[in-house]
Amino acid sequence: MITNSETRPVGITILSIFFSFGALISFTVFISLLFPGSFLEPMWRLNLRAHEAFASVGAWAVVLMFAVCVSCVLAALGLWRGSRWGYRLALALLVINILGDIANVILGTEPGAVAGVPVVIAILTYLMSRRVRRFFRREASV
């Protein structure tokens, strides 16, 4: 938990908000997959390939999106609170994301995913910086 003497780095606040948006988006996808043909159906016009990919996975897509949503909520909360587990979860989610982006580029399923690679590398580099690691290490001494 953050004390008055320790301030959350601005980048951690931004990442917490980022993961909150990820939770909102994955929740919307989850609801859309859970209730096909609902008022959310038109959103799939933005990415027909994603809709087809989720459809090919079947019910597991619903489970996957629920897991992504819960993971993003937990990462956002953990980062916001300055918890070490939130830091570790955020790192894990970002590593999974970059591995998925790289796989999509190599397999040719989503060549545009290459744009996410330098972004995730930059975020991971920030998270591994001395100041950020120190911020999350101080939990042990509180």
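Let me start with the largest nonpolar core, a set of buried Ala, Val, Leu, Ile, Met, Phe, Trp, Tyr and Cys residues joined through side-chain atoms within 4.5 Å, where buried means under 20% relative accessible area, exposed over 50% and partly exposed in between, with a 1.4 Å probe and protein chains only: of its 22 residues, I12, F19, L79, L94, L127 and F136 touch the most other members. Two or more residues come from each of α1, α3, α4, α5 and α6, and α4 gives the most, with six.

I should say that this is a predicted model, in which local features need pLDDT of at least 70, side-chain atom pairs count only at pLDDT 80 or more, and totals for chains, interfaces and linings use all residues. Residues are numbered from 1 along each chain as its sequence is written, and side-chain values use heavy atoms, with hydrogens and water left out.

Beyond its neighbours within four places in sequence, I12 is in contact (heavy atoms within 4.5 Å) with L79, Y126, L127, V132 and F136. A second, separate core of nine residues includes F30, A50, F54 and M65.

Turning to α3, residues 59-81, its buried residues include M65, C69, C72 and L79, and what covers the buried residues of this helix includes α1, α2, α4 and α6. Just after α3, G82 takes a positive phi of about 75°.

Finally, there is one salt bridge, defined as a side-chain nitrogen of Lys or Arg within 4 Å of a carboxyl oxygen of Asp or Glu, and here the side chains of E110 and R49 meet at 3.6 Å, N to O. E110 is partly exposed at 28% relative accessible area, and R49 is also partly exposed, at 47%.

Key:
Helix = DSSP H or I, 4+ residues; strand = E, 2+ residues; numbered from the N terminus.
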